[in-house]
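User: Could you walk me through the charged pairs in this one, and then the cysteines?

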Amino acid sequence: MSTETTTAPTIDRIVVGFDGSEQSTAALERTLTLAEGVGAAVDVVTSWRWPLTWSTLPVANTWSPLHDAEEIRQHAVEVIERHGSHTVDVTTRAVEGGATEVLLGTAADADLLVVGSRGRGGFRGLLLGSVSAACIQHATCPVLVHRGEDTTTPDTTAPDGRGTIVVGVDGSPESGRALRFAVLLARKLGHDVRTITTWQWPEALNRDEPPFDHWSPEQDALSTASSALDAAEDLIDDDVQVRSELVEGPAAAVLLEASRDATLLVLGSRGLGGFRGLLVGSVGQECAQHASCPVVIHRS
């Protein structure tokens, strides 16, 4: 049994970045739907700052970035009203500062930070914008990266209305905490959980001649992942269906394929192969870049 803390995770406050782009509008709408399901308050944040090239402040009655930010904030209010989230406690505000700085500061005591994969300044060729990339690297809470070009959320639920949350599990403490977070979401949203543990045969070994009679990388991966599965055992009951799979192949490729029709992909910030100096592992970065569904990088 894992010795990790058994304190149940909570989602009481969600911060979402909004800059008026299609990506952030889709992220806001996703956040409102999520907040309705989990009973969380939502803090919608728009950042602004004076252009560094200005040597003096503008005179009265002229354009200012604050006016622009207020217009964007008002657009967020319109999105919220159109969504009709009457049961969600929502606040909107414009905060001076760089986008990354403002979002990280505002979400310092939040339970979840939601960002679009690209903002207004993103280049079309970039799959993940600089702000969202910085947030998944440095936020102190889980970060949800919402992918999608429009505000239409695809129907990824089964005929019985239950969606699937895919979780990457590799036995690391981070993946255990990510699984606990995913189970919490599944319980509140009425979804199922599908855990994926990957394995690969070492290239240096002859597949037909294992070095030990009773050893295989498949069994090694299964035993390694068991500690992460144990970490969420106290949260799993008849209300949450958890299905575990062991799949051969590169971790990122397997997870991307497994989450193709999922409602959410949840990953720990670093896996067993991560170096301590890396804030987010290569698998998490690749999935945040390429997944077809929203991705949560769980940080704790």
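User: Is Glu70 buried or exposed, or something in between?

Analyst: Glu70 is partly exposed, with a relative accessible area of 33%, where buried means under 20%, exposed over 50% and partly exposed in between (1.4 Å probe, protein chains only). This is a predicted model, in which local features need pLDDT of at least 70, side-chain atom pairs count only at pLDDT 80 or more, and totals for chains, interfaces and linings use all residues. Residues are numbered from 1 along each chain as its sequence is written, and side-chain values use heavy atoms, with hydrogens and water left out.

User: Which residue does Glu70 meet in a salt bridge?

Analyst: Glu70 pairs with Arg73 at 3.0 Å, N to O, a salt bridge being a side-chain nitrogen of Lys or Arg within 4 Å of a carboxyl oxygen of Asp or Glu. Both residues lie in helix H2 (residues 65-83), 3 residues apart, about one turn of the helix; helices (H or I, at least four residues) and strands (E, at least two) are DSSP runs, numbered from the N terminus.

User: What does the pair Glu245 and Arg194 tie together?

Analyst: Glu245 lies in strand S8 and Arg194 in strand S7, so their salt bridge links parts that are 51 residues apart in sequence, with the closest N and O atoms 2.8 Å apart.

User: Switching topic, how many disulfides are there?

Analyst: The structure holds 0 disulfides, the criterion being a pair of cysteine sulfur atoms within 2.5 Å. For Cys141, the nearest cysteine sulfur, that of Cys135, is 8.9 Å away, and Cys141 is buried at 2% relative accessible area.
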